[in-house]
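Please work through the two exercises below with the sequence and the 3D structure at hand, and try each task before reading its solution.

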Amino acid sequence: SAPTMLSANGALLQALQQSAAGCDIFLAKSAVEEIVASLASAVSKKLAFDLIRSTRLTADLWETVCTGIRTDLDFPDPDVTAAAVSILAAIPSYRLGKLIADCNKEISNCFDSPSDNLRFSITETLGCVLARDDLVTLCENNINLLDRVSNWWTRIGHNMLDKSDVVSKVA
C-alpha cells in the first residue's frame with residue numbers, strides 16, 4: 001500500500017542519512033525494523049539488505065532479519081523473495097543452521113519458481129552459501145543439514161540446464 005511504501009522509503013532515506021553521519025547501528029536498526037520486518041517493495045528490501053551487509057548487527061537485529069526472510073521467502077512477489085534470498089549469504093554462522101532448518105522447504109521451492117530472477121538469485125546465493133567453511137563445519141555435526149545442502153548442490157547442478165541463459169550461466 002502507498003503509506004507502507006512511503007514509510008519504507010522514508011526509512012531508507014533516514015538510514016542513508018545516518019550512514020553518511022557514521023551512525024551505523026541506527027541505520028541498521030531502522031532498515032531492519034522499517035523495511036526488512038515489514039511489507040516493502042523488492043527495491044526497498046534489496047537496498048536495506050545492501051545496507052545491512054555493510055553493518056555489524058546485534059543478535060536481536062539478526063533475529064529480526066531472519067524473521068523477515070522467513071516471511072519474504074513465501075511472499076507472492078518473486079522479486080521480494082529474490083531480495084530475501086540475496087541476504088542468505090550474509091547470515092552469521094551461529095544463525096545459519098537454524099535458518100536453513102526453518103526454511104528448507106521455502107528455499108528449495110525457489111528453484112521451481114517460474115521467475116528467472118528468483119531462480120538466478122537462489123542459484124547465485126546458494127552457490128556462495130554452500131561454499132562457506134562455516135557451513136561445512138556445521139554439516140559435519142548435523143546429518144539433516146548435510147542432506148539439505150547436498151540436495152541444493154544437486155539443484156544448482158540441474159540449473160546448468162535451465163531454460164534461462166542467465167540462470168544456467170550462474171549455475
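The exercises concern cysteines and an internal cavity.

This is a predicted model, in which local features need pLDDT of at least 70 and side-chain atom pairs count only at pLDDT 80 or more, while totals for chains, interfaces and linings use all residues. Residues are numbered from 1 along each chain as its sequence is written, and side-chain values use heavy atoms, with hydrogens and water left out.

**Exercise 1.** Determine how many disulfides there are, taking a disulfide as a pair of cysteine sulfur atoms within 2.5 Å.

*Solution.* Applying this cut-off gives a count of zero disulfides. Cys-103 is in no disulfide, and the nearest cysteine sulfur, which belongs to Cys-66, is 7.9 Å away. For accessibility, buried means under 20% relative accessible area, exposed over 50%, and partly exposed in between (1.4 Å probe, protein chains only). Cys-103 has a relative accessible area of 2% and is therefore buried, whereas Cys-128, at 44%, counts as partly exposed.

**Exercise 2.** Describe the largest cavity and its lining, where a cavity is a set of points, on a 1 Å grid over the protein atoms alone, at which a 1.4 Å probe fits but cannot get out, and lining residues have an atom within 4 Å of a point.

*Solution.* One cavity of 30 Å³ or more is counted, and the largest cavity has a volume of about 40 Å³, volume being the space filled by probe spheres set on the points, which are joined across faces, edges and corners. Its lining consists of Leu-88, Leu-96, Leu-99, Ile-100, Ile-107, Leu-126, Val-129 and Trp-152. Helix H6 (93-109) gives the most to this lining, with four residues.

How values were computed:
1 Å grid on protein atoms, 1.4 Å probe; cavity = no way out; pocket = protein on both sides within 12 Å on 5 of 7 lines; lining within 4 Å. Helix = DSSP H or I, 4+ residues; strand = E, 2+ residues; numbered from the N terminus.
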